[in-house]
Amino acid sequence: MADIVLSAVDKIFGSDRVVSNVDLTVENGEFFSLLGPSGCGKTTTLRMIAGLETPTSGDVTIRGQRMNDVPINKRPTNLVFQKMALFPHLDVFENVAFGLRLKRLPGAEIKRKVGDILDVVSLTGFEKRAVSQLSGGQQQRVAIARALVNEPAVLLLDEPLGALDLKLQLHLQRELRRIQKATGTTFIYVTHNQAEALSMSDRLAVMNGGKIEQIGTPAEMYLRPATSFVASFIGRTNLIEARIDNVTSGAAHLSHEGLPLSVPAEELGAGETVMLSLRPERIEIRAPGAEGIDATVTEAEFMGSTVLYRMKTASDRTLIVQTLADRAPLRDGESARIGWAPDAAVQIRQTSVAE
Ligand code: ADP
Ligand code: MG
């Protein structure tokens, strides 16, 4: 069953439409992310699911029940955000137990539930610790335990790892993923960090200017971006505009820098201009004299397992090229033969591009 459905949801503040015609379905038990740059409407969308904002129009449905007018405390959701306020005068156990005490559960049940959830977040043994004596990552895990102990159907997380250092972020990304799978809770995770969304999510939605541009699995979003915004926000890409030379049996043929490319034609015809995304790792550095074109390195960025080059072609176009760092990197000013397979690019729709 779908856990959460947003249909045609708009949110207007004053004269600003900050969320625009959002349609979204999140399945039961799914790890679903809302990804997009700062200001695109992620938090507002999450707050409408939580009940902290009311949609200007459209419907929010949770587990089959329309939620638009249901107050926050009557919704089966719980929210975790970046700077969770823990109760500084309470220890770890009491911070987590807080909601259960409000519900007046029997002491033995509270003890069992808190014990179970502290185990899930790997904080067994920290029950009596003052929260002020925990690291940032431990505090955030207490906050997550406090939200999970109420067994919400849906946990809403708004950039929960944003304030932590990178190493801790990477660790807690895996932890959160593990916790989500272990509890079967539906997670809706808001982030502006594309690597985070790709590595954690079952599916994600990319938002831009209040609209959803695409929804899919991480692999679908990367391999078959629908728009120029998605292609450039998720990873790096070369955006190419080209005119179709001819169409044969369902394939449109064109060329870029004199090298052939083809995409499924569907409704395309010769002479039409299309936009394509050519990922940097689909461009190969080839042996001198091999089929391809010559290009000159203007910038080389050593990234560990790969090297990222900016290269200029004879017609003064820049291409981003990424190769495995399995040989001595090319240097600035050095020139090399590059090329790509005809099916290396995918067709995309033009939308506004990030940065
Ligand atoms: P994100 O979480 O993607 O960074 P937000 O949902 O917080 O984006 O904000 C989207 C837009 O809505 C921003 O331009 C923000 O300034 C605006 N906004 C958010 N909340 C309010 C509010 N309560 N009143 C007016 N404008 C708001
Ligand atoms: Mg936000």
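Visitor: What makes a residue count as being around ligand 1 in this predicted model?
Guide: The C-beta atom, placed from the backbone, has to lie within 6 Å of the molecule. Phe 13, Val 18, Gly 36, Ser 38, Gly 39, Cys 40, Gly 41, Lys 42, Thr 43 and Thr 44 are the residues around ligand 1, so each of them passes that cut-off.

Visitor: Which element gives the most to that shell?
Guide: Helix 1, residues 42-50, with 3 residues.

Visitor: How do you know how the shell around ligand 1 divides into nonpolar, polar and charged?
Guide: Go by residue type: Phe, Val and Cys count as nonpolar, Lys as charged, and Gly is put with the polar ones. The shell then comes out as 3 nonpolar, 6 polar and 1 charged.

Visitor: Where are the domains?
Guide: Domain 1 is 2-223, domain 2 is 224-278 + 342-355, and domain 3 is 284-339. The C-alpha centres of domain 1 and domain 2 are 36 Å apart.

Visitor: What makes two residues of domain 1 and domain 2 a contact?
Guide: Their C-beta atoms must lie within 7 Å. The contact takes 12 residues from domain 1 and 12 residues from domain 2. On the domain 1 side, helix 6, strand 9, strand 10 and helix 7 each give two or more residues, and helix 7 gives the most, with 4 residues. That side divides into 6 nonpolar, 4 polar and 2 charged.

Visitor: Why is the span 4-234 called "domain: ABC transporter"?
Guide: The name comes from UniProt, in an unreviewed entry, and such annotations may be inferred rather than shown by experiment. In the model, the span is 36% helix and 27% strand, and its end C-alpha atoms lie 25 Å apart.

Conventions
Residues numbered from 1 in each chain as written. Chains lettered and ligands numbered in written order. Predicted model: local features only at pLDDT ≥ 70, side-chain atom pairs only at ≥ 80, totals over all residues. Domains from an automatic or database assignment.
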